[in-house]
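Trainee: I am new to this structure. Can we go through the terms one by one?

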Amino acid sequence: MDMSGDAVFRLSDYRPPDYLTETAALSFALDPARTVVRNLMSVRRATGVTPQMPLRLDGLRLELLSLRLDGEILAPSRFEQTPTGLIVFDVPEAFSLEVETAIAPESNKSGHGLFFLGGKLATQCEPQGFRQMTYFIDRPDNPTRFQVRLTADKARFPVLLSNGNIAEAGDLPDGRHFVAWDDPFPKPSYIFAVMAGDFGVLGDTFTTKSGREIQLGIYADRDVLPGCTFAMDVVKRSLAWDEETFGLEYDLDHYNIVALRGWGGAMENKGLNLFGVGGIVTDPETTTDDDYVIIERIIGHEQFHNWTGNRVTCRDWFQLSLKEGLTRLRDQLFIGAKLGFGAWRIENARALRRNQFPEDDGPAAHPIQPAACVTVNSFYTNTIYDKGAEVVRMFIAVLGWEAFRKGFDLYIARHDGQAITTEEFVKAMEDASGRDLTQFRRWYHQGGRPRIEASGHYDAEAQTYALTLKQSCRVLIGAPPPEPFHIPIAAGLVTHDGGAVLSFTRNGEASATETMLELTEAVQTFVFANVASAPVPSLLRGFSAPVTVVSSLPDEDLAVLMTHDADPFGRWDASQMLGIRLIRRLAADHAAGRALTVPEDFAAAFAATLADPSIGDLLKSQILSLPDEPVLSEGLATIDLDGHLTARTFLRRALALRLKDALLDTYHACAERGAYAPDFESIGRRRLKNVCLELLMALATDEIADLALAQVRTAGNMTDRFEALCCLVNVEGPQREAAIAEFGERWQRHDIAIDKWFTAQAMARGPGAAARIIALKDHPLLDPDNNARAMAYYGWFFRQNRVAFHDPSGAGYRFLADRLIEMDRMGRQRSHWLMPQINLWRRYDAPRRALMRAELERIAATPGISQSLRDNVRRALDSED
């Protein structure tokens, strides 16, 4: 299934490849200006394919130098070049095909194929970059055994890396040298990799449980090698964790990672992962707590792909969540084991609500297994990755860990070395557990997000509590009405005074304090027996499903959960519900001209949480973080951006005025103690400190602004510097200008720190913020070829700044449209990644709607834009009213 053209491709149209590549011996004569690739393939016709069927190879922007079949040069009548590939006619059942092509890496700005960046040569083949180097059957269901010979100028490119194990190396005449690599495991072309450059290396070893010694190497510029030690430690811990938790042992003799300056992603190439420098290098001077967590999670993620993605891969790109959702869950479990599953689970939920829930609520909503697409690049979404992880996690909720592990083990044993579909994963879970998961499969095929309405009734005489849950889900454009999902809802009961957790029985089982409700009908009532007093229900504990619960609980009951629920997620979620309700009421009062006041119960619960010594610092910081967009507008037909901003600003100031002394005391109590460490306790302490500072900034006094400026200047770690800078970019006054100027001057030669400097400013919200942010596009440090820098600036402004992006002037919308057109002309077809906010244009007020629509129409009318960009814009414009 060729998914590189302009047509709409459907999962139902899938057909296996007519020919399969059994082996490929590749030779790269590397040079940035002109690289020659010789590809000798062993090809056979697939079973059942007629002999008349020609061989179709994928290829983009290639110069064909020669073509031989079984050693003979092919006559021009035997093949046809097309804009997207090569067709070879009259081929035998099994044959060798040798293709020689030339490419120009230094002219390649697409970010795929072989490119030249920062003096290094590197490849990015997922999803369809391999075809930009040579003609090939470039699809996941064509696993091939690769051998690679790399030759290059030794002085310029002394390190030559590819997948697998080193087979041979040596010097050549004219100052060139070669290294031959052999990967014993067949793999799809999207995880093929070549890296070449003048790298330093941090080496180490890891001994597997079976006693095999693995050679580990992190390759990077020599000046950053000292900062790679944390990453190396993570590699070893991830290898050990995968053995211990999932019984999976690394399979090659070498495991290498390249950290490339100016690159902003992470890629699981078999045995040769590629990262940006910011994804590997750490230093307390330039690395924040969040960076440490993300680095550890993503290194784990790419290593875990060795089995869930590489050894067992997806049959086609419609199955992308098979590898990405499962592996995202595995990296979440890996980090949760270190940071504590309660607080880390809240971080997962916050990210999902901030990034994926709006996707579910907009025109880009799709199932985790989409039914159709225009280009494969559109599959790389929060739904595929993060919601996909939540769907896999629900198998654990429904089946239990032991049955889930049996299903996982069966999945690996059955499908090692295969390219398969999500159905095979579900079937393994079904067969191992004995459970019928027919209804559960709807999570893969139905898009949108279920909303759960909850109501309850307590019968004091019978000592029973009846909880009624009603599920619904919006109908997506072009999709049938969704049928009821199979939803696991972890539940507990708390007394009204918050003094105890209530025990109960269900279905005659033993007494318990928590249970897993399985909601499978549109409306379902669950009865809890032997409940001693009227309870407050605690639902969705541990964020057991990616749904929205619409609670009928009064504010006083939510306050009980906020201060007393034993489940960390339940406690945090109650605080969010209370905050959302209050901010929406304040916005309505402001619109009606009524005086704004903060209820005493809310202020008291907030103060009690701040003062409670039994709550860990990280959880406390999460509970005290007031809800913000897009969570404030979730479920609303119209996004009241200005009203919510006014109300949230008032609430922050009211709480800061009331609790100023307590907030300052907590701030100072959380001061650094000794050397910086990115451990659970220290991360929590710094997070709480900076939440207090952010609240205090609402006072808009020189005293607090000076406190923040002092933190920028004197903090002993980047976390505190960066958080203070983020606070100051939102205020008027000399402290803001001093912080921006001094931070930029101090760190101008440190790429990772300057990325943060751009990010902090891209997230500014204050008056005039949009104009200042847009003016940064002309800053000399904003290198257009530096993908990491572009993500730090454009990505944060367009995706996450939910205030300045929506400046009433429409400047943010015009800036986005200009950038999307510019990216498209560069061949970078990831427009959907920058469009989550403008996709929701119909939900904003009339003036903003008109401005956003005008920019979308301007893009659509631009001559020569790609089908991918046109489709993303069309989908936004055609979204339902």
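The exchange below sets some values of this predicted model against their definitions.

Trainee: Why is arginine 648 called buried?
Mentor: Its relative accessibility is 11%. Buried means under 20%, so arginine 648 counts as buried. Its place is in helix H13, residues 641–658.

Trainee: What makes the approach of arginine 648 to leucine 626 a polar contact?
Mentor: The side chain of arginine 648 reaches the backbone oxygen of leucine 626 at 3.2 Å. The cut-off is within 3.5 Å, for a pair of N or O atoms that can donate and accept a hydrogen. The backbone oxygen of proline 627 also lies 2.9 Å from a polar atom of that side chain. Among the other residues in contact with arginine 648 are Ile583, Glu694 and Arg765.

Trainee: How do you know that strands S25 and S26 pair?
Mentor: Pairing needs at least two bridges. Strand S25 (451–459) and strand S26 (464–472) have nine, in the antiparallel sense. One of the bridge partners is serine 472 in S26, set against arginine 451.

Trainee: What makes S30 and S32 edge strands?
Mentor: The open sheet has the order S30-S26-S25-S32, with mixed pairing. S30 (523–528) and S32 (548–551) each have a single partner strand, so one side of each lacks a neighbour in the sheet. The twist averages 25° from one strand to the next.

Trainee: How do you know that the reach of helix H18 is close to the expected one?
Mentor: H18 (734–747) has 14 residues and reaches 20 Å from first C-alpha to last. At 1.5 Å a residue, 20 Å is expected. Its buried residues, including Phe743 and Trp747, pack against helices H16, H17, H19 and H20.

Conventions: Residues numbered from 1 in each chain as written. Predicted model: local features only at pLDDT ≥ 70, side-chain atom pairs only at ≥ 80, totals over all residues. Heavy atoms only, no water. Helix = DSSP H or I, 4+ residues; strand = E, 2+ residues; numbered from the N terminus. Expected span 1.5 Å × (residues − 1). Buried < 20%, exposed > 50% of the residue type's maximum accessible area, 1.4 Å probe, protein only. Contact = heavy atoms within 4.5 Å. Axes fitted to C-alpha atoms, helices over the stretch in contact; angles between N-to-C directions. Lists of a residue's contacts leave out its neighbours within four places in sequence.
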